[in-house]
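Reader: I have a new model open and would like to learn how to read its features. Could you walk me through it?

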Amino acid sequence: MIKRLLSKKNLIFKRLIVTIFVLLSSIQFSFCQEAGLFRVTGKVIEADARTSLGFATVQLFRQGNNTSVAIVNSAENGTFTLETDREGAYYVLVEFIGYDSYTSAIINLSREHPQHQLGAISLTVSGKTLDEILVQAEKSTMQLALDKKIFNVGKDLANAGGTGIDILSNIPSVAVDVEGNVSLRGSSSVRILIDGKPSGLVSIKGGAGLQQLQANMIERVEIITNPSARYEAEGMGGIINIVLKKERREGFNGSFEVIAGYPENFGLAANVNYRKKNINFFVNYTASYRNAPGRNHLYQEVYRNDSTFISTKDMQSRLNGMYNTARAGLDYFLNEKNIITAAYTYRISKGKRYSDIIYHDYEATLKNLTGITKRTQDETETEPNSEYALTYKKTFKRQGHELVVDLRHLNNWENSDQYFGQDVFNPNGSPSGIPYLLQRSVNFETEKQYLFQLDYIHPFGENGKFETGLRSSFRNMTNDFTVTERDENNNWFELPGLTNDFLYEENIHALYAIFANKLKKLTYQVGARAEVTDVTTTLKQTNEVNPRDYTNLFPSAHLTYDLPEGHALQASYSKRVRRPQYNDLSPFMTYSDNRNYWSGNPDLNPEFTDAFELGHIKYMDKASVSSSVYYRYTTGKILSVREVYEDGTSFTHPENLATENSFGAEFTGSYSPVTRWKMDASLNFFRAIIDGRNLNQDFESDTYSWIARLLSRVTVWKNTDIQFRGNYEAPQQLPQGRRKSLATLDISTSKDILKDKATLTLNIMDVFNSRKYRSVIEGANFYSTTMSQGRLRQVNLTFNYRLRQAKKKVKEGLDAEM
């Protein structure tokens, strides 16, 4: 690695970084803060351990009418800033679950005293019994901020008994297709992180791997649509960060859950932590068995020699799987300013997939049946993965001054063994005389990744902040793929072109710097991230080596302007990249359907995006509203292209299209008209213009589409809630056709029992069984329609028991947190 850093290419890289630092440092001296905005700052800490308390609810109230004029959550290091543009007498209220609340003395803000520092605010663990605890400020389902949106998983009743994929499919502006592929604001290039870092769950299978993650392990989901230089440049549409549950309260705390559902969905879960002085131990464990039925239909016309050949495919499938996840870790507080965290996660899934496919072939019309083919799939799959993490965090004397060092190792593998049987029949159903065909596909994949990351934040002046950091990732993946067939003598032979060994080596090194400050009501942040990427793919059997080596600079800028009380504006820009991932490059074909193949493309290049966004947010006593307009310009757009051959077989693979221009507007709101009624709504409208004429003169599309979500939750009597959640995705034009609309409705109800120590939740996901992905795909010689349903209507009953955790109640007016 040292030799690499001394190479000519990386000397250029180092010069870019030096230039960034010089430019950013010079900006620091060109601005000064001007008075005029009134501000209260402080830090929330735990009284006994003297450690930071992040995500505490902090509010600024005007004395006299007790009106809340500002509300924030403390940062992970406990710091907070409350602002108002009016002088007067105020007080601060700080609340955190399981702790006594804090109310400050009266604070007089004036031109002579525009800023007030509360210093460290110590919260003590509540001495009340569980039955006496009344937490007045419950986190709402959705928390809005200019730079990101936070969705608290436990507040959405429909998530009970579900998986990580179920949660993402119901988050505003996020869409999940039948294969588990995730898109954000219409872009399929999304970076999914777990606890802010890469995870083995989304390495080999992408977003589909989140099927293994039970919803009860997830605390919240953060959506960052235009990330700063602090984050990886990967992910054109933005970043989805899934934060897992973890307690740090004193003593023994936990929750336990039992799930039963139909189709078969049985599970157990435990989230437990024990905190004693300077040691905090946490354990999460889930075990589940699921039977997931699915279905797929294809109608296709192929035009050849002035004739039309028609075929249909009807597929019924089911996946029976056992999933186990164990996560354990230890926080060791060396002192109040130094914390070491070690964690280990082990997941294993064992599944059996059964599929029955029936093909009907016709000539000219559906009245002229020429043959019937029946094909079966029997797959056994084992997929374990392990993650090791070691983190050191040091906080300095000044609030916000910190250093974080993180080391991680991912070790995953997947073994798939599939048998395919095929029989051919005459139109009348009698045997055709063609011998029974038996084929076998064996696929063994491995992944090893080492990750090192360092982040340093240094505050200066009144509101200034300088951040810098570096990151190195070393990742190796292999795929040993073989397809064999049995002959009439019961001997097995390899099918030509379908056996190879694919190696994927990826090394990415990054360095970033961010400078931020505030001038009157304007907060600005500028930064840049430089990344050196080295990717090599190798097909061992045919000795095909494809090296990729490039250095890129990714600038970002964020400007926030505080408008009159309760309003704020933010403009942002960032440059992003989508590098072809393992599955995008792997040339091996799926073989369960031997008429419709899918594979990667080893010659795929990265795509780059310039993203611009202008956002507005308004906080009110009973509501909050966020709106934004955005524009993305993408070069080298990666999109799947389908080709159909004369014999009716199809081949789908990713290609680089020339450009995409994407425009959009997003509106998200939260409203609580009365204490017992809470609503969240979102609407994302976008236009996408794709130019793929570099591949085919007909590969163009100009589409308008939109996605809408509505959630309404009502407390019908003291301890019972009813929730309705509706989703709608409008039709969308594609370069080779169009995707049809999709609409779903989920209904849930919950009741607190056992003196509020437990909750029973019943939910029905997809009440009308309408989560069907339908599309029309057209080419010069074919026309096809598809319908896929990867998950049918699901009914779950969940029992959750809380140990030393209070059931939170809602106070009118506090649901709409920032």
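Author: Gladly! This protein has four helices and 45 strands, and please keep in mind that the model is predicted.

Reader: How many residues are there, and what percentage of them count as buried?

Author: The protein has 818 residues, and 54% of them count as buried. Its accessible surface comes to about 34,700 Å², with 57% of that belonging to carbon and sulfur atoms.

Reader: What percentage of the contacts between residues at least 6 apart in sequence join residues at least 24 apart?

Author: For this protein the figure is 67%.

Reader: Let's turn to strands. How do the strands of a sheet pair?

Author: They pair through backbone hydrogen bonds, either parallel or antiparallel. You can see an antiparallel case with strand E31 (residues 607–619) and strand E32 (residues 623–635), which are joined by 12 bridges. To find the register, look at Glu613, whose bridge partner in E32 is Tyr630.

Reader: Which strand do 13 bridges join to E32?

Author: That is strand E35 (residues 659–674), and E32 and E35 run antiparallel. Here you can start from Val629, whose bridge partner in E35 is Ala665.

Reader: Where could I look for the parallel sense?

Author: Try strand E1 (residues 38–46) and E8, which pair that way over seven bridges. Val40 makes a handy marker, with His116 as its bridge partner in E8.

Reader: In what order do the strands of the sheet with E1 and E8 come?

Author: The order is E4-E1-E8, three strands in an open sheet with mixed pairing. Strand E4 (79–84) and strand E8 (115–123) are the edge strands, each pairing on one side only. On average, neighbouring strands of this sheet are turned by 20° against each other, direction ignored.

Reader: And what about side chains in a regular strand: how are they arranged?

Author: They alternate between the two faces of the sheet.

Reader: Now a single residue, please. Where is the place of Ser586?

Author: Ser586 is in the loop between helix H4 (582–585) and strand E30 (596–598).

Reader: Is Ser586 buried or exposed, and why?

Author: Ser586 counts as buried because its relative accessible area is 6%, and the cut-off for buried is under 20%.

Reader: Which residues is Ser586 in contact with, leaving aside its neighbours within four places in sequence?

Author: Ser586 is in contact with Asn479, Phe502, Ser599, Gly600 and Asn601. Take Gly600 as an exercise in comparing sequence with space: Ser586 and Gly600 are 14 residues apart in sequence, and their C-alpha atoms are 4.7 Å apart.

Note on methods
Residues are numbered from 1 along each chain as its sequence is written. This is a predicted model: local features need pLDDT of at least 70, side-chain atom pairs count only at pLDDT 80 or more; totals for chains, interfaces and linings use all residues. Side-chain values use heavy atoms; hydrogens and water are left out. Two strands pair if DSSP finds at least two bridges between them. Helices (H or I, at least four residues) and strands (E, at least two) are DSSP runs, numbered from the N terminus. Axes are lines fitted to C-alpha atoms, for helices over the stretch in contact, and angles run from 0 to 180 degrees between N-to-C directions. Buried means under 20% relative accessible area, exposed over 50%, partly exposed in between (1.4 Å probe, protein chains only). Contact means heavy atoms within 4.5 Å. Accessible areas come from the Shrake-Rupley method with a 1.4 Å probe; for residues, only the protein chains shown count as cover.
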